[in-house]
Amino acid sequence: MERILIVRLGAMGDVIHGLPAAAALRRAFPAATIGWVVEPRWQELLCAAGTPRIGPRSPSRPLVDALHVLDTRALRKTPASPSTWKAARTELSEVRAARYEIALDLQGLMKSALVAKLSGARRRIGFAQPKERAAAVFYTRSLEARGTHVVERYLSLVATLTGGTLGSPPPAELPRDPESQTWCEGLLNIRGISGFALLNPGAGWGAKLWPAERYGEVARALAQAGLYSLVNAGPGEEELAQKVVTASRGTAQIVSPALGQLIALTRRARLFVGGDSGPLHLAAALGVPVVALFGPTDPARNGPFGTRSEVLRSAASRTSYAHVSRADQGLLAISSAEVIAASRRLLESPGA
């Protein structure tokens, strides 16, 4: 196998979960050309801004030889736009020109399976039970997933493909962007911050949100222990982050970094506190200690992977991946005192 394509278009956490699978492929086939198709908003998880998307690997693009950016979101939003279709055709032509032999669909949706088909790869491999059953019609081989966590399930496809065993997963590698690192150093110097905790109150939908006021209480307690807090505000989360800052009584500040900047900033954090979200999985992939607050989603499947962590989940929470806005009562049952205690245990543990 000399030319392998990974298809995992999004979202943030799921792309991060796929990084160990790419690293495992690299370990099994060190001379292979490995490509990846991703949505534009997540490309900095694989390739630093300003770095050529195709060519020799470097710290700015450590895992893949080629990154293909396909905006399927734009195709859904503006299906009648000629420019959107032209961009998609151009990108797919680039993918086909790479002459991939195998396409590995980690996403299991109709759109990702179709991308695998349109890549021109003669062998197209996916899960035997994909998220959307119809996706399987585009596969030439379907494999049973093994393991519980998403990372393990992705790795199981690679293990079956290579004839190996799951073993210990290789570490995820994320790009190093010199400009983002300079931005991070400048931000911390200007604000006079050295060690800090990164709080992330946002999440994909309402049921995964822990109250902003309690994040503020956590920030106050961390400040008493000598650790300042930065509150990450993703797009559209500024109001939520401001509630945390207000509740922190001056012990926290908002940051609104771009994705590459968030990677650089998270690398510097001493602790991460947040719910099931992309930034949580980023922190885990970077080895930052994580206090994870879980409600409707299952931490056995989606929890922090590969780092020291404290996972808090009430017995009252029931597993559901329905994107509902109403609060999860089990998540609300987690007190700020529990989160503060978990944070202290991680900060005081060996290796902190």
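This is a guided tour of a predicted model, with a suggestion at each stop of what to select and an account of what is there.

**Helix 3**

Begin by selecting residues 82–97, the 16 residues of helix 3. At 1.5 Å a residue this helix should span 22 Å, and its end C-alpha atoms are 22 Å apart, so the expected span and the modelled one agree. Next, colour T84, A88, E91, L92 and V95, which are the buried residues of helix 3. If you turn the view until you look down the axis of helix 3, these buried residues fall within an arc of 100°, and they therefore line one face of the helix.

With that face in view, add the elements against which the buried residues of helix 3 pack: strand 1 (3–7), strand 2 (33–38), strand 3 (66–69), helix 2 (72–77) and helix 4 (110–118). Then select P82, S83, K86, T90 and A97, the exposed residues carried on the face of helix 3 that is turned away from its buried side. Before leaving this part of the chain, step to R99, just after helix 3, where the backbone takes a positive phi of about 55°.

**Y139 and its surroundings**

Now select Y139, which has its place in the loop between strand 5 (123–127) and strand 6 (141–143). Is Y139 buried or exposed? Its relative accessibility is 8%, which is under the 20% cut-off, so Y139 counts as buried. Show I125 as well: although Y139 and I125 are 14 residues apart along the chain, their C-alpha atoms are separated by 5.5 Å. Leaving out residues up to four places away in sequence, Y139 touches D105, G108, A113, R124, I125, G126, F127 and P130, and showing these together with Y139 displays its contacts.

**H17 in helix 1**

Move on to H17, a residue of helix 1 (residues 12–28). With a relative accessible area of 4%, H17 is buried. Which residues does H17 contact, once its neighbours within four places in sequence are set aside? They are H149, V150, V151, Y154 and H281, which can be selected together with H17.

**The largest pocket**

Keep helix 1 displayed, since helix 1 gives the most to the lining of the largest pocket, with four residues. About 1,200 Å³ of space lies in this pocket. To find its centre, select A11, M12, G13, W42 and G204, which are the closest to that centre of the 42 residues in the lining. Helix 2, helix 9, helix 10 (278–285) and helix 11 (299–302) can then be added, because each of them, like helix 1, supplies at least two residues of the lining of the largest pocket. If you colour the lining of the largest pocket by class, you will find 15 nonpolar, 15 polar and 12 charged residues.

**The largest cavity**

The last stop is a cavity, and the count comes to one cavity of 30 Å³ or more. About 60 Å³ of space lies in the largest cavity. Select E44, A48, A49, P175, D177, S180, Q181, G260, I263, A264 and R267 to see its lining. Two elements give two or more residues to this lining, namely helix 6 (178–191) and helix 9 (259–268). The largest share, four residues, comes from helix 9, a helix that also supplies at least two residues of the lining of the largest pocket. By class, the lining of the largest cavity has five nonpolar, three polar and three charged residues.

Methods:
Residues are numbered from 1 along each chain as its sequence is written. This is a predicted model: local features need pLDDT of at least 70, side-chain atom pairs count only at pLDDT 80 or more; totals for chains, interfaces and linings use all residues. Side-chain values use heavy atoms; hydrogens and water are left out. On a 1 Å grid over the protein atoms alone, a cavity is a set of points where a 1.4 Å probe fits but cannot get out, and a pocket is an open set with protein on both sides within 12 Å along at least five of seven lines; lining residues have an atom within 4 Å of a point. Grid points are joined across faces, edges and corners, and a volume is the space filled by probe spheres set on the points. Ala, Val, Leu, Ile, Met, Phe, Trp, Tyr, Cys and Pro count as nonpolar, Asp, Glu, Lys and Arg as charged, and the others, Gly among them, as polar. The expected span of a helix is 1.5 Å times one less than its number of residues. Buried means under 20% relative accessible area, exposed over 50%, partly exposed in between (1.4 Å probe, protein chains only). The arc is that of the directions from the helix axis to the C-beta atoms. Contact means heavy atoms within 4.5 Å.
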